[in-house]
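Student: I should like to take a close look at a single part of this structure, namely one pair of packed helices and what surrounds it. Could you please guide me through it step by step?

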Amino acid sequence: MSVLVFLEHHGRELSKGSLGVLAKAAAMSGGEAGAVLVGRAALATLASDAGKFGAAKVYLVEDDSLDPPLPQPRVDAMEEVVRAGGYDTVLFSNSVLAADVAAGLAARLDAGLNWDLVDILERDGQLVGKRLALQDSVLVDVGWRSPHRLALFRPGSFDVAATGGEPRIEAVTVAFREHSRSATVVSQQLKESGGPSIEDAEVIVAGGIGLGAAENFSFAEELAGLLGGAVGATRAAVYKGWYPHSAQIGQTGTTVSPRLYIALGISGAVQHKVGMQNAKVIIAINKDPGAPIFEFSDLSVVGDVHTIVPRLIELVRQRKGC
Amino acid sequence: LDRSGPGELNAVDTNAIEEALRLQEADAGVEVVAVSVGPEEAVESLRTALALGADRAVIVSDPAAAGSDLVATGKLLAKILEREAADLVLFGQQTSDGGGALLWAAVADVLRLPCVSQATRLTLGEQTVQVARETELGDEVIEARLPAVVAVSDAINEPRYTSLKGRMGAKKKPLEVLSLPALGLDATEAGEQGSKTAVLGLGPPPARANSVTVEDDGNAAQVICEFLVEHQLV
């Protein structure tokens, strides 16, 4: 099996999701995973990072048309590498961009694309994808019936592993299709970020309606600050104007996959669940013992956030000696 | 225009239709055509699109197309769209489309048209369409040359409801039901035969192992702190 990974990067950093997929690709391919890095220029440092996280070979595609985050030039680039490098399996970590690239590439290669996967494995010589469906009540085994097999994973499906070394690097030139250059970015306003973004944060402290008031988000901020994390919010809390929309986690917000997720006064409606259930460890505090969030938490605490959280902040601070 | 559920329009598809109708209201020369691929029930959902204000509808409804995956459905839709030669193809899209339906990107690749997803605002120019969109990274405005494919998010507008007058009028509007041969396709190119993915089996979802519940007796903060230490999270 020859496995190729589409690497997404934001500025100077490879996305955590693509690094997780890269670790999986390295394991699947016996340490021979390929990775594609695209952008305007100066990708060498990122290529070296990709090697450290499991890419044996990195294909660099540098072109002005790859500067804006548009999918179609990336489909051209991926097709070129897949065909020239003879790859049969192509893995993506889901994002707005990666999903559009994967679907375009599937059409281009006339290949099967399975999405929303949480795992992939080989069974009796056959590749099997694991997909959570019907609001995560069912785990579906899916397969491919094409020479090229494309898979799109939920972010956080795999742990990042710094197991590699210096990668072999190949610069690739791509002949872009005309339609791929027919869309251009007119303006772009990047999200402001202080501290880690919620997509990449290792720790997220999130608040819901149970926090009771906008000012109580200061507890979440303080705890997140101590743990080196970011603050998230439910749709309901954002709707009430307690916290900005950029922090919204769930179906109509961001999907996150931190190492630790602390849910303060969050009931755990399915719309929220789909955005955070891939967290490695979930701690929930809620005064309603019947709150759905307790069904998928590692530590469920039935109690009042207003008394527990200030005390917890104090204990964590003591522990950290600050 | 879109994909559909049984009898009713998919909620996000009503956003796509709404946007098309608004373009028509701004320019009477615009014709709105609702397009779908699906079983017989989907024909009814196209009636809803007509009742909302679409001028006519086209659907590929053929038993041989049942079970088509992304690429197979994309090819079918592309065939109809090729025939329609629309200036703008709109799809409906969940803001966070975990459910997939990444059809727009597949269709755009087959048709070799520019494609923009997650649209929250759409402005039609003479030769171009400007699309504002929200992604994980921030806000962007993208301009694409027409003809183009755009997937609109549910944040783009507030869809209207059908009126009695609209529902009555819909009965007289053209609704074309096509089979695969009518599009020059044979059965091996659609349905399960034409699909490149397959469902192999179903099972229960993984459960979280060793989950612990405590009731606060004044000690909960201590318990959480110890849990964090034990899991090396502080």
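Tutor: Let us take helices H3 and H4 of chain B, whose axes come within 8 Å and cross at roughly 55°. Please bear in mind that this is a predicted model. An angle under 35 degrees would count as roughly parallel and one from 65 to 115 as roughly perpendicular; H3(B) and H4(B) are therefore oblique to each other. The crossing in which H3(B) passes H4(B) is right-handed. On the side of H3(B), the contact is made by Leu70(B), Thr73(B), Gly74(B), Leu77(B), Ala78(B), Leu81(B) and Glu82(B). On the side of H4(B), Leu103(B), Ala106(B), Val107(B), Val110(B) and Leu111(B) take part. Sorted by class, the residues of this contact are 9 nonpolar, 2 polar and 1 charged.

The spacing of such positions can be understood from the geometry of a helix. An α-helix has 3.6 residues a turn, so residues three or four places apart point the same way.

Now consider H4(B) by itself. The helix covers residues 103-111, and 8 of these 9 residues are buried, so H4(B) is largely enclosed by the rest of the structure. The buried residues are Leu103(B), Trp104(B), Ala105(B), Ala106(B), Val107(B), Ala108(B), Asp109(B) and Leu111(B). What do they pack against? Within chain B, the partners are helix H3 (70-84) and the strands S3 (88-93), S4 (115-124) and S7 (148-153). Chain A contributes helix H3 (71-85) and helix H4 (96-109). The surroundings of H4(B) thus include elements of both chains.

The ends of these helices lead to two residues with a noteworthy backbone. Most residues other than glycine have a negative phi, and most peptide bonds are trans. Arg112(B), which follows H4(B), has a positive phi of about 60° although it is not a glycine. Arg112(B) belongs to the loop between H4 and S4 of chain B. With a relative accessible area of 48%, Arg112(B) is partly exposed. Ala85(B) also has a positive phi, near 45°, without being a glycine. Its place is the loop between H3 and S3 of chain B. Ala85(B) is exposed, because its relative accessible area is 56% and the limit for that class is over 50%.

The strand S7, one of the partners of H4(B), leads us to a further backbone feature. In the loop between strand S6 (138-145) and S7 of chain B lies Pro147(B). Leu146(B) and Pro147(B) are joined by a cis peptide bond, with omega about -5°.

For comparison, let us look at two other helix pairs, both of which involve helix H8 of chain A. Two packed helices are described by the angle between their axes and the distance between the axes. Helix H8 (residues 305-319) of chain A and helix H7 (residues 220-230) of chain B have axes that come within 8 Å and cross at roughly 40°. H8(A) and H7(B) are therefore oblique to each other, and H8(A) passes H7(B) in a right-handed crossing. Among the residues that meet here are Ile308(A), Leu312(A) and Leu315(A) from H8(A), and Ile224(B), Cys225(B) and Leu228(B) from H7(B). This contact has 10 nonpolar, 1 polar and 2 charged residues. Cys225(B) counts as buried, because its relative accessibility is 8%.

The second pair lies within chain A. Helix H5 (residues 217-226) and H8(A) pack at an angle of about 25°, with their axes 10 Å apart. H5(A) and H8(A) are therefore roughly parallel to each other, and their crossing is left-handed. From H5(A), Phe219(A), Glu222(A), Leu223(A) and Leu226(A) take part, and they meet residues of H8(A) including Val309(A), Leu312(A) and Val316(A). By class, 8 residues of this contact are nonpolar, 1 is polar and 2 are charged.

To return to the helices with which we began: H3(B) and H4(B) cross obliquely, and H4(B) is largely enclosed by the rest of the structure.

Notes. Residues are numbered from 1 along each chain as its sequence is written. Chains are lettered from A and ligands numbered from 1 in the order in which they are written. This is a predicted model: local features need pLDDT of at least 70, side-chain atom pairs count only at pLDDT 80 or more; totals for chains, interfaces and linings use all residues. Side-chain values use heavy atoms; hydrogens and water are left out. Axes are lines fitted to C-alpha atoms, for helices over the stretch in contact, and angles run from 0 to 180 degrees between N-to-C directions. Helices (H or I, at least four residues) and strands (E, at least two) are DSSP runs, numbered from the N terminus. Angles under 35 degrees count as roughly parallel, over 145 as roughly antiparallel, 65 to 115 as roughly perpendicular and the rest as oblique. A crossing is left-handed if the near helix is turned anticlockwise from the far one by less than a right angle, and right-handed if clockwise. Contact means heavy atoms within 4.5 Å. Ala, Val, Leu, Ile, Met, Phe, Trp, Tyr, Cys and Pro count as nonpolar, Asp, Glu, Lys and Arg as charged, and the others, Gly among them, as polar. Buried means under 20% relative accessible area, exposed over 50%, partly exposed in between (1.4 Å probe, protein chains only).
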